[in-house]
Amino acid sequence: MAEDGTPVGGLAWVTVSDMRGERIAALPFCDRADPMLASPGAWAGLADDVLATGTPMTLRCFSDNPATSDPRLRQVGEAAWHGTPLDCTEDELYQRISSTSRRNLKAADRNGVKVVASTELDAVHAFHRLHVGLRKNKYRLLAQPLEFFERIWQRFTGSESDTAVITLLAEVDGQVAAGAMYLVWGDTLYYKFGASLSEYLPMRPNDALYWSALKLALSRSLRGVDWGISDLDQPGLVSYKRKWASVERRVVTLRGGPEPTPKTEVGAMLGELTRLFTEPTVPDEISTQAGALLYRHFC
């Protein structure tokens with residue numbers, strides 16, 4: 001606060017305490033939670049408060065945020081962030097995306113890919129089924145529980161005109177081949193989750209989804225699309241987003257305070273349970289239930 005009581009900075013964070021120990025996250029399960037600062041000097045006061053707890057703290061923010069210059073924080077990770085400004089017409093935007101994307105869009109059209117946009121909860125449920133399968137079969141990870149998605153939908157679905165959850169589903173002959181979940185917040189469309197069935201990938205359903213999202217954002221007169229972060233050890237995903245985005249930045253993971261509790265028997269147990277519940281022979285419904293029980297411990 002300034003001397004007259006005017007806020008000059010803010011940082012959202014929560015304390016997590018579970019069987020993995022106590023830790024501070026800013027924020028759990030978020031791509032980033034940049035400290036909001038009226039001036040670089042405002043960071044010191046915010047950091048003093050959170051670091052004074054003596055609890056391990058993790059923060060993700062853009063690499064040019066003043067927090068990254070704090071010697072009390074150490075960088076432990078880096079990811080790519082992509083965005084698409086919408087300061088153009090649809091025809092101009094079509095020319096801005098990569099030539100590969102334009103070819104793939106024509107292929108999707110020839111293959112009869114149809115994209116349906118929905119703000120209903122049923123569409124969220126349909127997407128979650130795809131999401132469980134992708135996390136399990138491709139990445140050997142447990143998916144976020146359905147309740148997690150339902151709460152996002154409840155929070156962003158209401159009377160406010162500048163908030164919404166929009167689920168896009170790409171269909172081929174009536175079969176859902178791919179899906180993506182977006183949030184409208186203020187003047188931006190945020191890509192949050194995406195999933196697809198591998199057997200339909202040659203039909204280019206994901207390209208149809210991305211282009212539909214861009215057109216949707218344009219139709220709502222939004223300022224841009226935030227495609228979120230991608231780990232640098234997933235060059236394929238980074239390259240794919242570059243075909244649609246004209247802005248790329250880095251998001252860094254910072255850690256302050258003591259090191260988190262090292263991987264203990266609990267961490268090893270969670271890893272082994274994940275491996276067991278994502279075996280190909282395990283039904284998706286069982287993997288879904290396991291995610292509902294265990295996922296909160298991975299933040």
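A salt bridge here is a side-chain nitrogen of Lys or Arg within 4 Å of a carboxyl oxygen of Asp or Glu. The structure is a predicted model, and 16 salt bridges are found in it.

## Salt bridges

Three of these pairs are set out below.

| Acidic residue | Basic residue | N to O distance |
|---|---|---|
| Asp70 | Arg72 | 2.9 Å |
| Glu272 | Arg275 | 2.6 Å |
| Glu279 | Arg275 | 2.9 Å |

In the pair formed by Asp70 and Arg72, Asp70 is buried, because its relative accessibility is 7%. Arg72 has a relative accessible area of 38% and is therefore partly exposed.

Arg275 meets Glu272 in a salt bridge and also meets Glu279 in one. Glu272 and Arg275 belong to helix H8, which spans residues 265–277, and they are 3 residues apart, or about one turn of the helix. Glu272 is partly exposed at 37% relative accessibility, and Arg275 is partly exposed at 37%. Glu279 is likewise partly exposed, with a relative accessibility of 24%.

Elsewhere, a network of salt bridges links Glu78, Arg242, Glu248 and Arg250.

## Arg135 and Ala143

Which side chain of opposite charge is nearest to Arg135? That side chain is Asp231, at a distance of 8.8 Å. A salt bridge requires a nitrogen to oxygen distance within 4 Å, and Arg135 has no salt bridge although it is buried. Arg135 is part of helix H4, residues 121–137.

Beyond its neighbours within four places in sequence, Arg135 contacts Arg140, Leu141, Leu142, Ala143, Gln144 and Tyr295. One of these, Ala143, sits in the loop between H4 and H5. Ala143 is buried, because its relative accessibility is 7%.

With neighbours within four places in sequence again set aside, the contacts of Ala143 are His131, Val132, Arg135, Gly291 and Tyr295. Tyr295 thus appears in the contacts of Arg135 and in those of Ala143. Gly291 is 148 residues from Ala143 along the chain, yet their C-alpha atoms are separated by 5.5 Å.

## Helix H5

Helix H5 covers residues 146–156, and its buried residues include Phe149, Ile152, Trp153 and Phe156. These four cover an arc of only 100° around the axis, so they lie on the same side of H5. Arg151 and Gln154, on the other side of H5, are exposed.

What do the buried residues of H5 pack against? They pack against H4 and against three strands: E8 (163–172), E9 (175–185) and E10 (188–196).

## The second largest pocket

The second largest pocket holds about 300 Å³ of space. Its lining is made up of 15 residues, and those nearest its centre are Phe29, Pro145, Phe148, Arg151 and Arg296. Strand E2 (14–18), H5 and helix H9 (284–294) are the elements that each give two or more residues to this lining. H5 gives the most, with 4 residues.

Arg151 connects the descriptions of helix and pocket: it is exposed on the side of H5 away from the buried residues, and it is among the lining residues that lie nearest the centre of the second largest pocket. H5 therefore has one side with buried residues such as Trp153, since they share an arc of only 100°, while it also contributes 4 residues to the pocket lining.

Methods:
Residues numbered from 1 in each chain as written. Predicted model: local features only at pLDDT ≥ 70, side-chain atom pairs only at ≥ 80, totals over all residues. Heavy atoms only, no water. Buried < 20%, exposed > 50% of the residue type's maximum accessible area, 1.4 Å probe, protein only. Lys, Arg positive; Asp, Glu negative; His and termini not counted. Contact = heavy atoms within 4.5 Å. Arc of directions from axis to C-beta. 1 Å grid on protein atoms, 1.4 Å probe; cavity = no way out; pocket = protein on both sides within 12 Å on 5 of 7 lines; lining within 4 Å. Points joined across faces, edges and corners; volume = space filled by probe spheres on them.
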